[in-house]
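Trainee: Could you go through this structure with me? I'd like to learn how each label gets its justification.

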Amino acid sequence: MRSNNLLKVKPDALPEGFSVRFYEPGDEIHWARIQYEVGEFYSIEDALKCFSHYLDYEDELRKRQVYIVDDTTNTPVATATAWYSELDGKEIGVVHALSCLPSYQALGLGRIAATYMMECFHKVMPESEVWLDTQTWSYKAIGIYLDLGFVPVKTATFNETANEYEKARNAMKDKMRADVYKKFCEEELY
């Protein structure tokens, strides 16, 4: 999916008992736990290995990685990262790991994390388009992305991940709400 990064969305109010903050040293364990619990990795250790590439860019993390925190436990429960890459010789924004712990889903926290992430893109990369890749089992997140101005891409790619738009469209037909599926299928494709 791709966004021209022009749509500015104000984050919804956080539910009572939650706050938002940016990366702090030690958050890698929270990030790894969240990613493991949503099924992105087979173990927390695998997730920590993946996170290790961020550690060379700690100053960037402090501007680009958002956490939604359960204030009763002071524990991050959702996260999103406004990262970057290069495409055709120019810098682009790349969504990394929008995730919310399963026990906290349906509270709107993933959507709030995503809107804060988009604010990060507006601040640190205001002229750059933003790309993401996702999988069909993340169909709820795809609805969030559509609301934030992302559109599906039919053939284009920004990394080595294969573009399986048609396969994804067919797989999500019976999973997504009808209105979200219609929007997914009707948006302008690149």
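Trainee: What makes Ala-106 count as exposed?

Mentor: Its relative accessible area is 84%. The label "exposed" starts over 50%, so Ala-106 earns it. Keep in mind that this is a predicted model. You'll find Ala-106 in the loop between E5 and H4.

Trainee: What is odd about the phi of Ala-106?

Mentor: The phi is positive, about 75°, although Ala-106 is not a glycine. Most residues other than glycine have a negative phi.

Trainee: And Asp-88, is that one buried or exposed?

Mentor: Exposed, because 76% relative accessible area is over the 50% cut-off. Asp-88 sits in the loop between strand E4 (75-87) and E5. Asp-88 is also a non-glycine with a positive phi, about 50°.

Trainee: Now the other end of the scale. Why is Met-125 called buried?

Mentor: Buried means under 20%, and Met-125 has a relative accessibility of 2%, so the label fits. Met-125 lies in the loop between H4 and strand E6 (130-131).

Trainee: Which residues does Met-125 touch, leaving out those up to four places away in sequence?

Mentor: Asn-5, Arg-64, Trp-83, Tyr-84, Glu-91, Ile-92, Gly-93 and Cys-120. Take Glu-91: 34 residues separate it from Met-125 in sequence, yet their C-alpha atoms are 8.7 Å apart.

Trainee: What makes Leu-98 buried?

Mentor: The relative accessible area of Leu-98 is 15%, and that falls under 20%, so "buried" is right. Leu-98 belongs to strand E5. Its contacts, beyond four places in sequence, are Thr-79, Ala-80, Gly-110, Ala-113, Ala-114 and Tyr-145. Leu-98 and Ala-141 are 43 residues apart in the chain, with 8.0 Å between their C-alpha atoms.

Trainee: How many disulfides are there?

Mentor: The count is zero.

Trainee: How do you know that Cys-100 isn't bonded to another cysteine?

Mentor: Compare the distances. A disulfide needs two sulfurs within 2.5 Å. The closest cysteine sulfur to that of Cys-100 is in Cys-120, 17 Å away, so it is too far for a bond. Turn it around and the closest one to Cys-120 is in Cys-100, again at 17 Å and too far.

Trainee: Are those two cysteines buried or exposed?

Mentor: Buried. Cys-100 has 8% relative accessibility and Cys-120 has 3% relative accessible area; the limit is under 20%.

Trainee: On to the helices. Why is H5 called oblique to H7?

Mentor: Helix H5 (residues 139-147) and helix H7 (residues 178-186) pack at about 60°, and their axes are 10 Å apart. Roughly parallel would need an angle under 35 degrees and roughly perpendicular needs 65 to 115, so this angle falls in the oblique group. That's why H5 is oblique to H7. The crossing is left-handed.

Trainee: Which residues meet there?

Mentor: From H5 come Ile-142, Gly-143, Leu-146 and Asp-147, and from H7 come Val-180, Lys-183 and Phe-184. By class, that contact has four nonpolar, one polar and two charged residues.

Trainee: What covers the buried residues of H5?

Mentor: Strand E5 (90-100), helix H4 (109-124), helix H6 (165-172) and H7 are among the elements that do. The residues they help cover are Ala-141, Ile-142, Gly-143, Ile-144, Tyr-145 and Leu-146.

Trainee: What makes H6 roughly antiparallel to H7?

Mentor: H6 and H7 pack at about 165°, with axes 11 Å apart. Anything over 145 counts as roughly antiparallel, so H6 gets that name relative to H7. Tyr-165, Arg-169 and Met-172 of H6 make the contact with Tyr-181, Phe-184 and Cys-185 of H7. That contact has five nonpolar residues, no polar ones and one charged.

Trainee: Last one: why is H1 called oblique to H2?

Mentor: Helix H1 (residues 27-37) and helix H2 (residues 44-51) pack at about 125°, their axes 8 Å apart. Roughly perpendicular covers 65 to 115, and roughly antiparallel needs over 145, so an angle between those two ranges is oblique. Therefore H1 is oblique to H2. H1 passes H2 in a right-handed crossing.

Note on methods:
Residues are numbered from 1 along each chain as its sequence is written. This is a predicted model: local features need pLDDT of at least 70, side-chain atom pairs count only at pLDDT 80 or more; totals for chains, interfaces and linings use all residues. Side-chain values use heavy atoms; hydrogens and water are left out. Axes are lines fitted to C-alpha atoms, for helices over the stretch in contact, and angles run from 0 to 180 degrees between N-to-C directions. Helices (H or I, at least four residues) and strands (E, at least two) are DSSP runs, numbered from the N terminus. A crossing is left-handed if the near helix is turned anticlockwise from the far one by less than a right angle, and right-handed if clockwise. Contact means heavy atoms within 4.5 Å. Ala, Val, Leu, Ile, Met, Phe, Trp, Tyr, Cys and Pro count as nonpolar, Asp, Glu, Lys and Arg as charged, and the others, Gly among them, as polar. Buried means under 20% relative accessible area, exposed over 50%, partly exposed in between (1.4 Å probe, protein chains only).
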